[in-house]
Amino acid sequence: MKYKTLKGLQDILPPDISVWQHIEAAARGIFRAYGYQEIRLPILEATDIFIRSIGETSDIVEKEMYTFPDKGGRSVTMRPEGTAPFVRAYVEHHLYNNPSPQKYYYMGPMFRYERPQAYRYRQFCQIGAEAMGVEDPKLDAEVISMLAKILAVIGLERLNFEITSIGCKNCRPSYREALKVFLRGRLSSFCGDCQRRFDSNPLRVLDCKVPECISARQGSPPVIEYLCADCKTHFEGLEHNLNLLGVPHTVNPNLVRGLDYYTKTAFEVSSESLGAQKAVAAGGRYDGLVDEFGGPPTPGIGFALGMERIIPLVKDSLKPSGGPDLFICCMGREASEEALSLAEQLRTRGLWVEINYDNASLKSQMRKANRMGAENIFVIGEDELKNKQGVLKNMTDKSEININLLSDEFIKAMKKEK
Ligand code: ATP
Ligand code: MG
């Protein structure tokens, strides 16, 4: 019987994994500079957490969740996103008692039962950030700027940063009514899902990806014009601070996020290089969510970026490459034992050292070292054993130096190279 990965899931193997690690390391570096600390949360959560926060009428809850009863009959869900579990943990551990702002980040798999296509998987990985306790739009701008920095250090270019404000519980009802007035006359031009959403959650009509709906909603009233004074000032503050920080952006009044918990600031980053699945990262404010989860009213803002969508955009020149620091070739039993113990000493000192394990000819050992991309090669044969000395060959510049068969000498020689 042949086993395969499930549809929409993928194995990540070397050498691709090095690009993942490169992005993760770059993100960690930026997070540190902004004072974000890592959190690791479970993959399974109680289903209610997602229904309550993301919203019953969202695509995620309506059709994309991996939900099943556990052996105790409780409904559990494999997390489709990171913010709801984060807020659950924030409230559960009373993190709101710590001084504000609190800044956290996470990296890990999310699960959505979607129709798999290019850059759209059923298990995908997100890097996300959440910042709690600050209402001021300086924080919104800082979060977006941080996201821009992460994308910039990994070499992503030509990205569009779109921002909007989707208002708060005070001004959204009047926008909702205005939108309904607009939609009512042309409802028959929308897909079945949107017709249903008209009553339950008309804002979601603006997020529908069906081409007929995209054209039918042309000319819909822009949410920005319906903001209350507080949301309007907040949005102006966001724009002001983004300009101050030099983050290029455009205002897209039709940007609506697919999750119900957002308030005020919402943003999305997209790349034209990706085609249909062009959103690489998205986020927004969720000032009511902690409250909703039973904690004290606490503002929050966050984003998540999709690893699978940024991996193909990483420039080849920025992809990590390279093989072992040293490959030790050996001729004969005694030499192979010398190679084994020398390699062990060098590995203890942090070098990546490979040796040969069989009786292959010197030529084939050299070929192997080359194929692995070894930076240096050292051959141990009878002479080297006798003289306790040999030639360290640098494979990049082809230079050769005589070197004693001592781990310190190797370390010294390689340090000089770097
Ligand atoms: P889309 O409109 O593409 O479905 P979304 O609005 O559902 O995206 P979010 O919930 O905002 O996505 O998730 C943030 C990011 O996670 C997205 O911008 C995208 O990069 C990534 N992402 C979301 N769903 C998937 C998926 N099924 N496969 C791969 N990446 C995904
Ligand atoms: Mg989606």
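This passage walks through the ligand site, the nonpolar cores and three buried residues of a predicted model.

The surroundings of ligand 1 make a convenient starting point. The shell around ligand 1 holds 16 residues, and R112, E114, R120, Y121 and R257 come nearest. By character, the shell residues divide into eight nonpolar, two polar and six charged. Three strands, β6 (residues 123-132), β10 (residues 279-285) and β11 (residues 300-306), each contribute at least two residues to this shell. Strand β10 supplies the largest share, with four residues.

Polar pairs between the protein and ligand 1 involve both side-chain and backbone atoms. On the side-chain side, a polar atom of R120 sits 2.9 Å from an oxygen atom of ligand 1. The backbone takes part through Y121, where a polar atom is 2.8 Å from a nitrogen atom of the ligand. A polar backbone atom of A279, in turn, lies 3.0 Å from an oxygen atom of ligand 1. Ligand 1 would expose 580 Å² if taken alone, and the protein buries 92% of that area.

Attention now turns to the nonpolar interior. The largest nonpolar core contains 51 residues, and F31 and F303 are the members that touch the most others in it. Helix α5 (residues 137-153) gives this core its largest share, nine residues. A second core lies apart from it and comprises 43 residues, including M110, Y175, A216 and Y286.

The contacts of F303 can be followed one by one in the structure. Leaving out residues up to four places away in sequence, F303 touches F31, Y106, I127, G128, A129, V143, M146, L147, I150, F267, A282 and G283. Among these partners, V143, M146, L147 and I150 fall within the residue range of helix α5. Partners I127, G128 and A129 fall within the range of β6, while A282 and G283 fall within that of β10.

Helix α5 also carries L151. Is L151 buried or exposed? With a relative accessibility of 1%, L151 counts as buried, because the cut-off for burial is under 20%. Beyond residues up to four places away in sequence, L151 touches L156, L159, F161, V269, L305 and I310. By contrast, A343 is 192 residues from L151 in sequence, and their C-alpha atoms are 38 Å apart in space.

Two further residues with polar side chains are worth a look. R204 is placed in the loop between α7 (residues 192-200) and α8 (residues 211-216). The relative accessible area of R204 is 3%, so this residue is buried. Which side chain does R204 join through a polar contact? The partner is D59, and the contact spans 3.4 Å. R204 and D59 are 145 residues apart along the chain, yet a distance of 9.0 Å separates their C-alpha atoms.

Q365 belongs to helix α13 (residues 362-372). Its relative accessibility is 0%, and therefore Q365 counts as buried. The side chain of Q365 reaches the backbone oxygen of C330 at a distance of 2.8 Å. C330 is also one of the residues in contact with Q365 once neighbours within four places in sequence are set aside; the full set is F327, I328, C329, C330, M331, N356 and A360.

Conventions: Residues numbered from 1 in each chain as written. Chains lettered and ligands numbered in written order. Predicted model: local features only at pLDDT ≥ 70, side-chain atom pairs only at ≥ 80, totals over all residues. Heavy atoms only, no water. Near = heavy atom within 4 Å. Polar contact = N/O pair within 3.5 Å; in protein donor to acceptor, adjacent residues only side chain to side chain. Areas by Shrake-Rupley, 256 points an atom, 1.4 Å probe, with all protein chains shown as cover. Nonpolar A, V, L, I, M, F, W, Y, C, P; charged D, E, K, R; others polar. Core = buried A, V, L, I, M, F, W, Y, C linked by side-chain atoms within 4.5 Å. Buried < 20%, exposed > 50% of the residue type's maximum accessible area, 1.4 Å probe, protein only. Contact = heavy atoms within 4.5 Å.
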